[in-house]
Amino acid sequence: MQIGVIGLGRMGGNIARRLMRDGHRCVVFDRNPTAGEALAMEGAIVVRSLEEMVSSLTERPRAIWLMLPAGKITEDTIAELEGLVQAEDILIDGGNAFYKDDIRRARHLAEKGIRYVDCGTSGGVWGLERGYCMMIGGTNEAVEHLDPIFATLAPGLGSIPRTPGLGDAVSRAERGYIHTGPAGSGHFVKMVHNGIEYGLMQAYAEGFDILRNKDSTELPEDERFTLDIAEIAEVWRRGSVITSWLLDLGAAALARDPQLQEFSGFVQDSGEGRWTVQAAIEEAVPADVLTASLYARFRTRMELHFGDKMLSAMRFGFGGHLEGKTPITPQATTRSALSDAGE
């Protein structure tokens with residue numbers, strides 16, 4: 001299948017690679033003219049403008065995947081594409097967009113017959129190797145047309161044991177992607193996914209902080225333990241009930257450096273956690289853990305603890321986010337500044 005990919009950053013470039021490795025034909029574009037050079041060597045058609053991309057996509061209906069930061073750049077790109085594509089063509093936003101923006105865009109584009117699909121994409125910098133878990137919103141017809149693309153990008157059934165009680169047929173969900181419903185629903189599900197991610201990461205961070213401080217001089221001498229944090233992370237990976245990919249990433253970071261000296265402990269938030277808390281407020285749903293984990297990230301910008309370094313290490317592990325040491329200003333905490341196309 002032929003597809004255009006716009007935005008060749010940490011995830012966009014690897015999405016194109018995974019598609020090409022399965023025989024799909026990719027036309028790629030990035031505002032940075034050098035971003036597509038490596039992909040060109042791997043078989044992609046690199047174009048210099050959105051107009052050239054649309055004219056290079058000869059298979060109808062056209063399918064164009066955007067992997068851009070949420071906010072102005074995505075809005076501007078979709079507005080430009082709107083004037084270039086034709087009815088029945090499909091625009092897919094695979095970044096971390098706000099779901100209400102998807103609803104608005106889909107309604108507006110539908111007036112011209114252009115189909116819009118929102119795809120919550122999880123997998124970070126490991127997606128090329130492991131595949132991407134995808135939560136997809138849009139019309140049945142558009143999602144069905146794109147199924148070969150989603151099937152290639154998804155992890156597949158792999159070696160994960162099947163859930164007891166499922167039928168003989170292997171579902172999309174078991175292969176790592178689902179059609180969640182109409183436009184906006186994909187990014188809504190991904191938003192809550194990221195909110196849960198905040199809570200899980202915070203629980204690990206606090207737990208490891210408690211372990212590390214068990215040798216505090218504030219404790220009675222016979223109650224002090226000097227614990228091997230890296231060893232504890234490793235043993236928990238082996239059969240414990242709290243094993244997870246996040247723990248795997250944390251254990252790998254601790255094995256490299258038990259003090260996590262490469263990490264500042266300053267932890268950003270992508271915007272997804274804020275939107276999840278906002279949705280909880282709108283729905284009057286208690287979200288104590290998710291809200292507290294968001295606030296904990298705010299606190300890292302004022303005072304730092306070992307647990308914050310653990311958070312930062314896990315975030316780097318799945319998304320390639322190496323946190324800086326300079327606190328961001330209130331003006332930088334807008335939706336577009338905090339959101340990116342990645343995890």
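Which residue in E8 is the bridge partner of Gly137? Gly181. Let me build out from that pair. One caution before I do: this is a predicted model.

Start with the sheet. Eight strands form it, and it is open. The order runs E3-E2-E1-E4-E5-E6-E7-E8. The pairing is mixed. At the edges sit strand E3, residues 45-46, and strand E8, residues 177-181. Each of those two pairs on one side only. For E8, the partner is strand E7, residues 133-137. E7 and E8 run in the parallel sense, joined over four bridges. As a reminder, strands of a sheet pair through backbone hydrogen bonds, either parallel or antiparallel.

Now the helices that cross the sheet. Helix H4, residues 72-82, lies across four strands: E1 (2-6), E4 (63-66), E5 (90-93) and E6 (115-122). Relative to E4, H4 runs at about 165°. H5 lies across E5 and E6. Its angle to E6 is about 155°.

Stay with H5 for a moment. The helix covers residues 99-110, and Ala110 is in it. Ala110 is partly exposed, at 48% relative accessible area. Ala110 and Ala87 are 23 residues apart in sequence. In space, their C-alpha atoms are 8.7 Å apart.

Next, cysteines. How many disulfides does a search of the whole structure find? Zero. Why is Cys26 not in one? The closest cysteine sulfur belongs to Cys119, and it is 14 Å away, too far for a bond. A disulfide here needs the two sulfurs within 2.5 Å. Cys133 is in no disulfide either. For Cys133, the nearest cysteine sulfur is again that of Cys119, at 9.1 Å. Are these two cysteines buried or exposed? Cys26 is buried, with 3% relative accessible area. Cys133 is partly exposed, at 35%.

On to the aromatics. The search of the whole structure finds eight aromatic pairs. One of them is Tyr295 with Phe298. Their ring centres are 6.0 Å apart, and their planes meet at 35°, so this pair is tilted. The tilted class starts where stacked ends, at 30 degrees, and stops at 60. Both residues lie in helix H14, residues 288-299. They are three residues apart, about one turn of the helix. Phe298 is partly exposed, with a relative accessible area of 26%.

There is also an aromatic cluster. Phe98, Tyr99, Phe188 and Trp275 form it together.

Two charges sit over rings. The charged end of Arg297 is over the ring of Tyr198, 3.7 Å from the ring centre. The charged end of Lys214 is over the ring of Phe225, at 5.3 Å from its centre.

Last stop: Gln202. Where does Gln202 lie? In helix H10, residues 185-212. Is the residue buried or exposed? Buried, at 9% relative accessibility. The cut-off for buried is under 20%. What does Gln202 touch, leaving aside its neighbours within four places in sequence? Ser293, Ala296 and Leu311.

To recap. The sheet is open and mixed, with E3 and E8 at its edges. H4 lies across E1, E4, E5 and E6, and H5 across E5 and E6. The structure has zero disulfides. Its aromatic pairs number eight. And Gly137 bridges to Gly181 in E8, where we came in.

Key. Residues are numbered from 1 along each chain as its sequence is written. This is a predicted model: local features need pLDDT of at least 70, side-chain atom pairs count only at pLDDT 80 or more; totals for chains, interfaces and linings use all residues. Side-chain values use heavy atoms; hydrogens and water are left out. Buried means under 20% relative accessible area, exposed over 50%, partly exposed in between (1.4 Å probe, protein chains only). Contact means heavy atoms within 4.5 Å. Rings of Phe, Tyr and Trp (its six-membered ring) pair if their centres lie within 6.5 Å; planes under 30 degrees apart count as stacked, over 60 as edge-to-face and the rest as tilted. A charge sits over a ring if NZ of Lys or CZ of Arg is within 6 Å of the ring centre and within 35 degrees of the ring normal. Two strands pair if DSSP finds at least two bridges between them. Axes are lines fitted to C-alpha atoms, for helices over the stretch in contact, and angles run from 0 to 180 degrees between N-to-C directions.
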